[in-house]
Amino acid sequence: MTTVGIDAVEIRTGNLKLDLAETFAPAKDEDPAKYTKGLGLHSSSFPDVYEDIVTMGANAGKRLMDRKGLEPDDIGRIDVATESAFDHSKPASTYIAGCLEDVYEGDFHHANKGERKFACVAGTQAIDDAVNWIGSGKNRGRAALVIATDTALYARGDSGEATQGAGAVAMLIDEDPSLVSVDPVQGFGSADETDFLKPNQQFPSVDGKRSMQVYLARMREALTDVERQRDLHPDDFAVVPFHIPFPGMVRKGAALGYRHISRGTDVEEELAEEIGMQPRREDFEDDEAFRDALTEYTDSLTETDRYREWYDRTVEPTLGISRHVGNWYTGSVHLARASALKEARESGRDLDDEEMLVCSYGSGAQAEIHIETVQPGWEDEIAALNVDEQLRDRYDITFAEYEQIHEVHNYDETTDIDAFTTPEAEFVFDGWGRMGERK
Ligand code: CAA
């Protein structure tokens, strides 16, 4: 049977960096450890004045196409996932296709283009669409370009301000993929929620604490849905990438997930002497008492060697890049996958044919959990990433510069500042009349 999945990936960060410990914490009069240890973040990526979701997406897409030797005729579909769209009519993929047409022979007139929106889970939904399109045979031999691109900014003073970020992840979806196959098992947890929204506004209205509870609830539902299709065991998976609004959230999600899928397995039995069997609803008077007992169990679980070894092997490697770039919304779970593969390659860990449990999430709210299998070409694909150089070359902004750039990206036309960096052979935003010119 032909496999379909992610053949190649490219990462594009915003060109600026805000250091949370050195720059943000002192200005906020906060202990730096709140960000570095509590949230698990060291810095955020920001777009310079000439960058936006289109330029970052087009720059990632171009590097991917160049590396894979692709022309527009090889691509039959361009889907952009974003929750930072500036156009309520034209999808961002049309702008990105326009940028790419300026630098390649041929055009994308034959390509179906769209924009996927469901907060951060939209990147995974766009991959699902592309996989289904290829699986149905409608692709006529062509691949799909999926680009997850966001400027994840919050209002100044919002509790989410420390978790900001900006960047794009471009992925080529194709038959016989080199990186990972996307397998058919897929579970959902979905409900109409109002903890994080942007009704006709640039920055989100967020109930931060509640958003964390909603994240965990939808993840639990999605796991239950996966279990309707296949039995799960924590040791089945070599890597477990989560959507990463900030690494501290993943710490909570991972503990919940481990507890959930170890219920009734040898792992629960093995840990029973140390921390007891898991609480069962029927042993408690009400939901609240049951929830408290579960929290107590999960807290003890995270102290066990069994759990820590699992977490260090399957989850910790997914957080490496995010710690230095912040939340990229639609791109975050795809950064998590890339981060784990990169770390595995660097440490000589063999992941050929290993399974990943990919846990995507979007506020509003929906979790999708699916399974991927690492393909034998993964090491060469990951070796081609230049994300370390990109992160190193970012310009480190002062707090005063941060205040200015934040205003620029709030479309404040009275803030007219020069760029902090000089574009180097990249697409740049050059006024609304002409998006994404290459300089
Ligand atoms: N040293 C070490 N740790 C410290 C510390 C210190 N000096 N000070 C605080 N901490 C710890 C806290 O104990 C806490 O950890 P625990 O949750 O494990 O207890 C952590 O640092 C954060 O501290 P606070 O809870 O006090 O932080 P906060 O209230 O200022 O902000 C937040 C947290 C509400 C989540 C905020 O970051 C936020 O609003 N973020 C945006 C919303 C978000 O990301 N939600 C996540 C789920 S929704 C989603 O995933 C979609 C998406 O992408 C947005």
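The shell around the ligand comprises 13 nonpolar, 10 polar and 4 charged residues. The model described here is a predicted one. Among the 27 residues that surround the ligand, those that come nearest are Ala33, Gly38, Gly160, Gly208 and Pro245. Three helices, namely helix 2 (32-39), helix 6 (208-227) and helix 7 (247-262), each contribute at least two residues to this shell.

Helix 2, one of the elements that supply the ligand shell, also packs against helix 1 (residues 20-28), the two axes lying 7 Å apart at an angle of about 125 degrees. Helix 1 is therefore oblique to helix 2, an angle counting as roughly antiparallel over 145 degrees and as roughly perpendicular from 65 to 115. On the side of helix 1, the contact is formed by Leu20, Ala21, Phe24 and Ala25, which meet Pro32, Tyr35 and Thr36 of helix 2. By class, the residues of this contact divide into 6 nonpolar and 1 polar, with no charged residue.

The chain as a whole contains 15 helices and 15 strands. Its radius of gyration is 21 Å, close to the 22 Å given by the globule rule for 439 residues, so the chain is as compact as a globular protein of that length. Taken along the principal axes, the box filled by the C-alpha atoms is roughly 65 × 60 × 40 Å. Of the 439 residues, 48% count as buried. Among contacts in the chain with a separation of 6 or more, 78% are accounted for by residues 24 or more positions apart.

Technical notes
Residues numbered from 1 in each chain as written. Predicted model: local features only at pLDDT ≥ 70, side-chain atom pairs only at ≥ 80, totals over all residues. Near = placed C-beta within 6 Å. Helix = DSSP H or I, 4+ residues; strand = E, 2+ residues; numbered from the N terminus. Nonpolar A, V, L, I, M, F, W, Y, C, P; charged D, E, K, R; others polar. Axes fitted to C-alpha atoms, helices over the stretch in contact; angles between N-to-C directions. Parallel < 35°, antiparallel > 145°, perpendicular 65-115°, else oblique. Contact = placed C-beta atoms within 7 Å. Rg over C-alpha atoms; globule rule 2.2 N^0.38 Å. Buried ≥ 20, exposed ≤ 12 C-beta atoms within 10 Å, placed from the backbone.
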